[in-house]
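Got your viewer ready? Let's walk through this one stop by stop, selecting as we go.

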Amino acid sequence: MLHRKSRLSRRAFTATALSALVASGGAMAAGSATASGSDRDRRRSTREMRGVWVATVANRDWPSRQGLTADEQYAELIAHLDNAAKCHLNTVILQVRPTADALWPSPYEPWSQVLTGTQGEDPGWDPLGTAVEEAHARGLQLHAWCNPYRVANHTDLDKLAETHPARVHPEWVVAYGDKLYYNPGLPEVRDFVQQAMLDAVERYPVDAVHFDDYFYPYPVAGQSFDDDAAYDAYGTDFPSRADWRRDNIDRLIQEMAAGIRRIRPTTQFGISPFGVWRNAATDPLGSDTRGGVQTYDDLYADTRKWVREGWIDYICPQLYWNIGFAAADYAKLLPWWAEVAQGSRTHLYLGEALYKAGDPAQPAAWRDQAELSRHLTLAKERPEACGHVFFAARDMAADRIGAMARVVADHYGQPAITPR
């Protein structure tokens, strides 16, 4: 499967970009343009994450709908990349494995339904390969965003492609709520999902593998996740089922990190969890919050441990609340996460709820164009905070009240390179 070739060669793109930067008096973040010593010093100091998520699940950001032609899909992807570059971002986090399927020609899982409308149908091009190539041509990193265990946003196995591993191995699958999930308690599942995700690392020079906040599923009132058989087989040596579940996720994280290092040592591993690890009322080590979900207790993801143990290269908690929000105040969660990251090898980035800006259903703070800009100003007081990632690309393109434009004007006047 050949990548769709760039319409502008890398050399031509670089020359064009340099010419534009020189004409405007800008500085090239990559450091290849001739500059004065003061310019070089400024570039060295401008090292921070500036990212945007591009969600493909349910065609949230891209492609805008199922069944577009390859040319239409490509054009939309390029528009998102161009917009990221225009905003002086340096990273695009593209969701390439949304529901145990793939946006590349995977030997393990079928083509994603979000492309053609039919799971398993070849779209006629290689979206991930093309995204890596085109992102790099624009000086952007490309992080391959994968969801480890979600199989489908419905509960009917027969709706999956005939060759889907979940249909071949229905014993791997748990129906919970209105979705299907792989069972994290089965060693064979953990091995398989790692193989499927690491295939992307083997094929493409992705700059990172990225997980979001879904490990064990979010709780559904009145329902239990049926992993009794797996617990009986593998969990009896643990003090509780919760401890066993956390160990299952710990193993996934450690093994995935080792697999990435083995295959492509320059590729990073990052995770973007729900912003509350535990509330202080539950654990004195927790944050001064009243979160209805706690990742340690509800998703069985000990995100604080992963940072402190140095298992991951970066963590990007989803701090999707405004400054002053009573139950989860951005101004209180920021220093808590900074303290967690302090002294660790793990970079701290902050997930920002751009999608809330201008939404009348959100608290009044989100109707203020400057709310997100204030987040970045506050984060500058914490040396552990190494940048921000915005959710998500569709909202960045629309920018309905100019919140992203305000961020760019206030904070992103010059390009920046990512932390290493």
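**Stop one: H3 against H5**

The crossing of H3 and H5 is right-handed. Keep in mind that this is a predicted model. To find the two helices, select residues 70-86 for H3 and residues 127-137 for H5. Their axes come within 11 Å and cross at roughly 35°.

Now show side chains. On the H3 side, pick Tyr-74, Leu-77, Ile-78 and Leu-81; they meet Pro-127, Thr-130, Ala-131, Glu-134 and Ala-135 in H5. Colour that contact by class and you get seven nonpolar residues, one polar and one charged.

**Stop two: a cis bond before H3**

Slide back along the chain to the loop between strand S1 (49-54) and helix H3, where Pro-63 lies. Select Trp-62 along with Pro-63: a cis peptide bond joins them, with omega at about -20°.

**Stop three: an aromatic link**

Switch to the rings. The whole structure holds 26 aromatic pairs. One to zoom in on is Tyr-231 with Trp-244, a tilted pair at 5.3 Å centre to centre with 50° between the planes. Tyr-231 sits in helix H8 (residues 228-234) and Trp-244 in helix H9 (residues 241-263), so this pair ties together parts that are 13 residues apart in sequence.

**Stop four: an odd phi**

Next, select Tyr-300, in the loop between helix H10 (295-299) and helix H11 (303-308). Check its backbone: phi is near 60°, a positive value in a residue other than glycine.

**Stop five: H13 and its two partners**

Select residues 371-379 to bring up H13. Which helices should you show with it? Try helix H12 (residues 330-341) to begin with: its axis and that of H13 come within 11 Å and cross at roughly 35°. This crossing is right-handed. Tyr-330, Ala-331 and Leu-334 in H12 meet His-375, Leu-378 and Ala-379 in H13. The class split there is five nonpolar, one polar and no charged.

Then add helix H15 (residues 403-411), whose axis comes within 8 Å of the H13 axis, with a crossing angle of roughly 35°. H13 passes H15 in a right-handed crossing. From H13, the contact uses Leu-372, Ser-373, Leu-376 and Thr-377. From H15, select Ala-403, Arg-406, Val-407, Asp-410 and His-411. By class, this contact has four nonpolar, three polar and two charged residues.

**Stop six: a second cis bond and a pocket**

Where does Ala-392 lie? Look in the loop between strand S11 (385-390) and helix H14 (393-398). A cis peptide bond joins Phe-391 and Ala-392, and omega is about 0°.

Keep Phe-391 selected and turn on a pocket surface. The second largest pocket has a volume of about 280 Å³. Of the 15 residues that line this pocket, Phe-391 is among those closest to its centre, together with Trp-145, Asp-212, Asp-213 and Tyr-214. Overall, the lining has eight nonpolar, three polar and four charged residues. So Phe-391 makes a handy last selection: Phe-391 takes part in a cis peptide bond and also lines the second largest pocket.

Conventions
Residues are numbered from 1 along each chain as its sequence is written. This is a predicted model: local features need pLDDT of at least 70, side-chain atom pairs count only at pLDDT 80 or more; totals for chains, interfaces and linings use all residues. Side-chain values use heavy atoms; hydrogens and water are left out. Axes are lines fitted to C-alpha atoms, for helices over the stretch in contact, and angles run from 0 to 180 degrees between N-to-C directions. Helices (H or I, at least four residues) and strands (E, at least two) are DSSP runs, numbered from the N terminus. A crossing is left-handed if the near helix is turned anticlockwise from the far one by less than a right angle, and right-handed if clockwise. Contact means heavy atoms within 4.5 Å. Ala, Val, Leu, Ile, Met, Phe, Trp, Tyr, Cys and Pro count as nonpolar, Asp, Glu, Lys and Arg as charged, and the others, Gly among them, as polar. On a 1 Å grid over the protein atoms alone, a cavity is a set of points where a 1.4 Å probe fits but cannot get out, and a pocket is an open set with protein on both sides within 12 Å along at least five of seven lines; lining residues have an atom within 4 Å of a point. Grid points are joined across faces, edges and corners, and a volume is the space filled by probe spheres set on the points. Rings of Phe, Tyr and Trp (its six-membered ring) pair if their centres lie within 6.5 Å; planes under 30 degrees apart count as stacked, over 60 as edge-to-face and the rest as tilted.
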